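Biologist: Please justify the labels applied to this model, setting each value against its definition.

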Amino acid sequence: MQLDRDGFEKLLREKGLKVTAQRMAVLSALSGEPDSHLTAEEIYNLVKAGSPEIGLATVYRTIQILLELKIIDRIYLDDGYVRYELGHVYEEEDGHHHHHLICVKCGKVRSFQ
């Protein structure tokens, strides 16, 4: 999936929100793992590797903003975790939604259309 940084920055400004390094880092972490379905803690660990000063609360607030802007989707896979992935804004042009297959042995998640 292609990360449209300029479009994201424009959307934030249109909604009266600041473009911050932390918000960009969270979006970059999600776009850098397009086939993953990350928990907030996993996103935090990815972002913290490049920005050690970021806090978990900042990641949670940024996730909430991204959800409200419909940039990411929240998914529940019945494994006890809330997971996140880039939403329809970053899917293929036909906008087709996808589903998830979960391996009952290893727990690995795959997206499919």
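Biologist: Why is glutamate 42 called partly exposed?

Modeller: Glutamate 42 has a relative accessible area of 34%. Buried means under 20% relative accessible area, exposed over 50%, and partly exposed in between (1.4 Å probe, protein chains only). The value of 34% therefore places glutamate 42 in the class partly exposed. This is a predicted model, in which local features need pLDDT of at least 70 and side-chain atom pairs count only at pLDDT 80 or more, while totals for chains, interfaces and linings use all residues. Residues are numbered from 1 along each chain as its sequence is written, and side-chain values use heavy atoms, with hydrogens and water left out.

Biologist: What makes the contact of arginine 83 with glutamate 42 a salt bridge?

Modeller: A salt bridge is a side-chain nitrogen of Lys or Arg within 4 Å of a carboxyl oxygen of Asp or Glu. For arginine 83 and glutamate 42 the closest N and O atoms are 3.7 Å apart, so the criterion is met. Arginine 83 lies in strand S2 (residues 82-86) and glutamate 42 in helix H3 (residues 40-50), so the pair ties together parts that are 41 residues apart in sequence. Helices (H or I, at least four residues) and strands (E, at least two) are DSSP runs, numbered from the N terminus.

Biologist: Is arginine 83 buried or exposed?

Modeller: Arginine 83 is buried, because its relative accessible area is 14%.

Biologist: How many salt bridges does the rule give?

Modeller: The count comes to three. One of them joins glutamate 14 and lysine 10, at 3.9 Å from N to O. These two residues are four apart in helix H1, about one helical turn. Glutamate 14 counts as exposed because its relative accessibility is 55%, and lysine 10 is likewise exposed at 53%. Glutamate 9 and arginine 13 also form a salt bridge, at 4.0 Å from N to O.

Biologist: Why are residues four places apart able to point the same way?

Modeller: An α-helix has 3.6 residues a turn, so residues three or four places apart point the same way.

Biologist: How do you know that the buried residues of H3 line one face of the helix?

Modeller: Ala40, Ile43, Tyr44 and Val47 are buried in H3. Seen down the axis of H3, these residues fall within an arc of 100° (taken over the directions from the helix axis to the C-beta atoms), so they line one face. Asn45 and Ala49, on the other side of H3, are exposed.
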